[in-house]
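Please look over the fold below and keep it open while reading. This report goes through its interior, its charged pairs and its backbone.

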Amino acid sequence: MGDAHRIGVVGLGVISRAYLDTLVGRDAVRVTAVADLDASRSAAVAAELPGVRALSVEELLNSPDVDTVLNLTVPAAHAEIALGAVARGKNVYGEKPLAAELAAAQAVLEAAAKASVRVGCAPDTVLGTGVQTARAAVEAGAIGRPLFASAVMVTPGHERWHPQPDFYYAPGGGPLLDMGPYYLSSLVHLLGPVRAVIGASSRLRPERVIGSGPRAGERIPVEVDSHVSGVLEHEGGALTTLTTSFDGVATSAAPIEVHGETGTLTVPDPNHFDGEVRLLELGESERRTLPSSAGYVGGARGVGLLDFVAADDGRPARASGELALHVLETMTALLRSSAEGRRIELSTSVRRPAPVPLTPVEQWR
């Protein structure tokens with residue numbers, strides 16, 4: 001297999017543990033350095049991991065012992081860290097969204113192209129058996145010609161459980177930019193890229209109350225819309241109705257449903273790697289669960305980075321920067337459409353990522 005690909009992790013918040021659990025101890029990659037604005041946090045993480053150094057962010061970006069920077073900072077810092085990595089000739093793989101603003105995301109990809117380095121971006125949950133089995137069913141004609149889809153995410157807000165939820169309600173946050181990438185990336189896999197959108201959004205509460213941790217009871221301002229709805233026009237002609245909200249208590253709607261001429265497919269929560277894919281065929285009275293037929297079995301955060309590293313042989317990465325850019329433009333266009341009251345045509349498109357064949361856990365790990 002050759003030398004392991006060296007990873008430096010910037011940002012050691014809640015999500016970093018899931019990535020480290022996947023990456024540490026693998027043959028294909030080796031975590032060599034970690035950095036966080038809180039030096040004590042990076043020191044504590046490095047102390048748990050043999051051979052991993054705790055560095056400052058600047059030291060990590062300059063380290064010759066890092067091939068790819070794993071960017072797990074808050075959304076507002078995504079572009080700054082990505083551009084810093086690219087400027088030093090390093091690949092970068094980041095948490096979603098690619099950047100808090102479309103222009104910044106475009107700048108990242110343009111800089112990477114000039115520097116001949118690669119950019120990848122979460123979410124990688126869409127590479128698990130849930131979405132990939134659903135995609136395989138659609139492509140096999142299980143529902144006939146796809147006509148339209150629905151995608152729904154409703155929650156009271158992450159401040160109930162997250163001890164530092166401020167960034168969810170700051171620019172780059174909100175239900176669409178936070179959770180939308182899971183749904184929109186799935187929809188690109190299922191129905192292809194988006195050509196135009198119509199959106200509507202609201203912000204009916206000016207502040208939220210932190211529900212856990214040392215800041216419990218503290219009020220934080222809401223700086224972004226907390227409920228976003230819209231219609232997506234896919235290039236292939238299908239329509240998707242999308243709802244993302246931090247304002248509702250719960251929903252009984254399926255996370256994603258794809259409706260075709262001869263059937264309806266219920267897709268599991270794209271925030272997870274697996275789940276039941278259920279098919280109701282025209283003329284039948286009950287849905288049946290489809291066996292897993294595609295995707296990374298037992299997928300976990302970081303499988304997209306492993307896929308990204310493996311793509312260094314020249315094939316396109318599935319969790320690519322190009323897909324993340326298209327998803328980000330779709331989301332920002334929805335918000336723009338809401339503000340301007342008009343249909344917005346997108347300037348980007350993307351080729352659908354290659355499907356993931358059914359890959360047992362022992363193979364991808």
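What follows is a short account of local features, starting with the ground rules.

This is a predicted model, in which local features need pLDDT of at least 70, side-chain atom pairs count only at pLDDT 80 or more, and totals for chains, interfaces and linings use all residues. Residues are numbered from 1 along each chain as its sequence is written, and side-chain values use heavy atoms, with hydrogens and water left out.

**Interior**

Helices (H or I, at least four residues) and strands (E, at least two) are DSSP runs, numbered from the N terminus. Buried means under 20% relative accessible area, exposed means over 50%, and partly exposed lies in between (1.4 Å probe, protein chains only).

Helix 6 (residues 129–139) is largely enclosed by the rest of the structure, because 9 of its 11 residues are buried. Among them are Val131, Ala134, Arg135 and Val138. The buried residues of helix 6 pack against strand 7 (146–154), helix 7 (174–191), strand 14 (263–267), strand 15 (277–281) and strand 16 (288–290). Gly141 follows helix 6 and has a positive phi, near 85 degrees.

A nonpolar core is a set of buried Ala, Val, Leu, Ile, Met, Phe, Trp, Tyr and Cys residues joined through side-chain atoms within 4.5 Å. The largest one holds 105 residues, and Val9, Val69, Leu70, Val258 and Leu265 touch the most other members. Helix 7 supplies the largest share of this core, 10 residues.

Which residues does Val258 touch, not counting residues up to four places away in sequence? Its contacts (heavy atoms within 4.5 Å) include Ile143, Phe148, Leu190, Leu265 and Val267.

**Aromatic pairs**

Rings of Phe, Tyr and Trp (its six-membered ring) pair if their centres lie within 6.5 Å; planes under 30 degrees apart count as stacked, over 60 as edge-to-face and the rest as tilted. By this rule there are 4 aromatic pairs. The ring centres of Tyr296 and Trp364 are 6.3 Å apart and their planes are at 70 degrees, so this pair is edge-to-face. Tyr296 sits in the loop between strand 16 and helix 8 (303–310) and Trp364 in helix 10 (residues 361–364), so the pair ties together parts 68 residues apart in sequence. Tyr296 is buried at 9% relative accessible area. Trp364 is buried at 9% relative accessibility.

**Salt bridges**

A salt bridge is a side-chain nitrogen of Lys or Arg within 4 Å of a carboxyl oxygen of Asp or Glu. The count comes to 26 salt bridges. The table gives some of them.

| Acid | Base | Closest N to O distance |
|---|---|---|
| Glu139 | Arg135 | 2.9 Å |
| Asp225 | Arg203 | 3.3 Å |
| Asp247 | Arg208 | 2.6 Å |

Arg135 and Glu139 are 4 residues apart in helix 6, so about one helical turn separates them. Arg135 is buried at 4% relative accessibility, whereas Glu139 is partly exposed at 43%.

Asp225 and Arg203 form a salt bridge. This pair links distant parts of the chain: Asp225 is in the loop between strand 10 (219–221) and strand 11 (227–234), and Arg203 is in the loop between strand 8 and strand 9 (207–209), 22 residues apart. Asp225 is partly exposed at 24%, and Arg203 is partly exposed at 42%.

Asp247 and Arg208 also meet in a salt bridge. Asp247 lies in the loop between strand 12 (239–245) and strand 13 (256–260) and Arg208 in strand 9, so the pair ties together parts 39 residues apart in sequence. Asp247 is partly exposed at 25%; Arg208 is buried at 2%. Salt bridges that share partners join Glu159, Arg205, Arg208 and Asp247 into one network.

**Backbone**

Most residues other than glycine have a negative phi, and most peptide bonds are trans. Where are the cis bonds? One runs from Lys96 to Pro97, with omega near -10 degrees. Pro97 is in the loop between strand 5 (91–94) and helix 5 (102–115). Another cis peptide bond joins Ala122 and Pro123, with omega about 10 degrees. Pro123 is in the loop between strand 6 (119–121) and helix 6.

Ser116 has a positive phi, near 55 degrees. Ser116 lies in the loop between helix 5 and strand 6 and is exposed, with a relative accessible area of 67%.
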